[in-house]
Amino acid sequence: MAPNTVVVTLEKPENISLIEMKDSNRFEEKQKGSSPKQFTWLLLLKAHRILAFVPWLANNLPTVFGSVKKRIATSDPNEEDPRYKGRLYIFIKAFLAVSIVALLVEVFAYFNEWELNPTLEVQNLVQWCYVAWLNFRVDYIAPVIVSLSKFCILLFMIQSLDRFVQCLGCFWIKFKRLKPIAEDEDYDVEDGSSFPMVLVQIPMCNEKEVYEQSIAAACELDWPKDRFLIQVLDDSDDELLQHLIRDEVTSWKEKGVNILYRHRFIRTGYKAGNLKSAMSCDYVKDYEFVAILDADFTPNPDFLKLTIPHFKGNPDLGLVQARWSFVNKDENLLTRLQNINLCFHFEVEQQVNGLFLNFFGFNGTAGVWRIKALEDSGGWLERTTVEDMDIAVRAHLNGWKFIYLNNVKVLCELPESYEAYKKQQHRWHSGPMQLFRLCLPAIVTSKISALKKANLIFLFFLLRKLILPFYSFTLFCIILPLTMFIPEAELPAWVICYVPIVMSIVNILPSPKSFPFLMPYLLFENTMSVTKFNAMISGLFQLGSSYEWVVTKKTGRSSESDLVSLAERESKTANEEKIQRRLSESGLEMLGKINEQNEVMVAAAAVAVAPAAMKAKKKKNRLYRSELALAFLLLTAAARSLLSAQGIHFYYLLFQGLSFLVVGLDLIGEQVS
């Protein structure tokens, strides 16, 4: 057969012509000749899409401005959480007021050319004050700002180097194809006693949107039914919801699933108190491992079979952590930006630390613990709002090792509203500082190696939990706008542009499909620095807001099938129909409660004495005054930079100010009509 002959075999060759090509060079030349035309058409297609965006923008801008106008008109000054309006908010407002006054003075001096000719003879008192201010800021203020900015730049470069080294470790793992390997010996499917006893815990609190799917996913785990027990740990304060969850548990129990419902009468300690109470049951001593799954997490049926085998032959292994996978990552811009951060966290931070150090922060869910490791480490403690990180640090100090499985993914949800995301981030950044203060003496006096102590103190806590929010807020939200009014302390362009862009590219590498969101990601990370800085300070200095726990709102988007079932449930009178299907005693009690509530509502409507009291509390978007104040501060600094013709500084301040404005108006996440 000729070397350039192509043979194609078809199952049904009727009415099909076969072409034998003996000279493929001509075809390749034709392809090369047509590539410029294809490239031209590609450019035209891109231009068409850009032009099509213009009418879309013109149609939607009035709607956006109308929503903003209505949001501002209906805003309540007291609706924002008080913990985000403390001393930091007062400082930002004062800084904004001083900046506006300074901008007016600089504009007046610019048009009178005082700054261009400071050596001219002083003509009046105002000019004398301005010249005195120029001399004062050069001699006294600029050196302080320069020293502070150099310190923040040093921290910035150290943190950037840390991320770069972690990325190199991740590339090495990919290149060498390194990953944890379980024992080859499988469990005997025919002999159920060969499987270890596993306790599955589902802690929840007012999770009405997701409790059904989480319980169903746990009940469908592929494990011998007599070798695992599911604990539904319900801390809900809604009696109606308690009955619904108890009824769901009963229905699965009737199907032969070993499942229990637990409800605490004294609900102290938040999630840590809930888990601690569950572990105090007498029957827990019969179990070897405990899997923890939060209410919005739906693992695949093979979750236990992919995680439990790693404990075999590893008596010092205390934790096996799986990766989170997000079902709603493309829901809106906010979820897309969260996905970038969390992909880097799991793909790089958790994987590198787990493989090279055998230690990382437990993510609080989608993990399996050896119960002996929990007991040796003191069990769950209620002293912080990051009980997962607390138990991980104490287990590490006791010599237990951790394994992270990047290929085992558990579906969950991302917060879709900025309000829910902001509260989550406040808890995630205040808790580690509480824990650092409490754990520092134990770390110093522990028996682990000096290298592990240094990693815990300087990398795990100080660099990644304290320094990151400190320099992000101080450098880009305080010092940078301040240098616009003190040009002698101007930041170099590579600090505000080149290095942040490079590090953003590094962060976005684990999620390559998110590259179009590179610039929004960079701006949004700086925007969130005010929340993270405020949380870090409150945790470090034991302020009251650092001990508050707010459950992240869920929507129940576990999968496409769950969305369909959710729509079906909403189209019915869900409560009564479910009770009628399940003829249970708890259902009859709940039906009575529903009827009583309906009677009360009808009676209240008939009275019509206080109509304002009858209005239900509706979910709505709100204004965030700290972000809005910072938006106007940065835009004021951008206006000042125009007077000094600072090109790159102007564009950065302009877009960063607009980013704060978008977030402050709550336009980035879920929009409630």
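## A buried tyrosine in a loop

Tyr624 has its place in the loop between helix H19 (611-614) and helix H20 (625-643). In this predicted model, Tyr624 has a relative accessible area of 3% and is therefore buried. Along the sequence Tyr624 and Phe660 are 36 residues apart, while in space their C-alpha atoms are 9.7 Å apart.

## The chain as a whole

The chain's secondary structure comes to 21 helices and 7 strands, and 48% of its 673 residues count as buried. Of the contacts between residues at least 6 apart in sequence, 79% join residues that are at least 24 apart. The area that the chain exposes is about 35,100 Å², and carbon and sulfur atoms supply 61% of that area.

## Helix H6 and what covers it

Helix H6 (residues 270-279) has 8 of its 10 residues buried, so this helix is largely enclosed by the rest of the structure. The buried residues of H6 are Lys271, Ala272, Gly273, Asn274, Leu275, Ser277, Ala278 and Met279.

Both strands and helices take part in covering these buried residues of H6. Among the covering elements are strand E1 (198-204), strand E2 (228-234), strand E3 (259-263) and strand E4 (289-292), together with helix H9 (371-376) and helix H10 (387-397).

## Helices H13 and H14

Helix H13 (residues 493-508) and helix H14 (residues 518-527) have axes that come within 10 Å and cross at roughly 110°. Because of that angle, H13 is roughly perpendicular to H14. On the H13 side, Pro500, Ile501, Ser504, Ile505, Asn507 and Ile508 meet Leu518, Tyr521 and Leu522 of H14.

An α-helix has 3.6 residues a turn, so residues three or four places apart point the same way. Val502 also lies in helix H13, and with a relative accessibility of 46% this residue counts as partly exposed. The C-alpha atom of Val502 is separated by 9.4 Å from that of Ser160, although these two residues are 342 residues apart along the chain.

## A nonpolar patch on the surface

Eight side chains, from two stretches of the sequence, deserve a closer look here: Leu161, Phe164, Val165, Leu168, Phe171, Ile505, Leu509 and Phe515 form a nonpolar patch on the surface. Together these residues have about 710 Å² of accessible area. Helix H3 (residues 125-176) gives the most to this patch, with 5 residues.

Phe171, one of the patch residues, is found in helix H3 and is partly exposed, with a relative accessible area of 47%. Ile505 belongs to the patch as well, and this residue is also among those of H13 that meet H14.

## Two residues with positive phi

Most residues other than glycine have a negative phi. Asn206, which is not a glycine, nevertheless has a positive phi near 55°. Asn206 is found in the loop between E1 and helix H4 (211-219), and with a relative accessible area of 33% this residue is partly exposed.

Ala366 is likewise a residue other than glycine with a positive phi, in this case near 60°. Ala366 lies in the loop between helix H8 (333-356) and strand E6 (367-370). Whereas Asn206 is partly exposed, Ala366 is buried, with a relative accessible area of 0%.

Technical notes
Residues numbered from 1 in each chain as written. Predicted model: local features only at pLDDT ≥ 70, side-chain atom pairs only at ≥ 80, totals over all residues. Heavy atoms only, no water. Patch = residues over 30% accessible without salt bridge, like charges linked within 9 Å, V, L, I, M, F, W, Y side chains within 5 Å. Areas by Shrake-Rupley, 256 points an atom, 1.4 Å probe, with all protein chains shown as cover. Salt bridge = Lys/Arg side-chain N within 4 Å of Asp/Glu carboxyl O. Helix = DSSP H or I, 4+ residues; strand = E, 2+ residues; numbered from the N terminus. Buried < 20%, exposed > 50% of the residue type's maximum accessible area, 1.4 Å probe, protein only. Contact = heavy atoms within 4.5 Å. Axes fitted to C-alpha atoms, helices over the stretch in contact; angles between N-to-C directions. Parallel < 35°, antiparallel > 145°, perpendicular 65-115°, else oblique.
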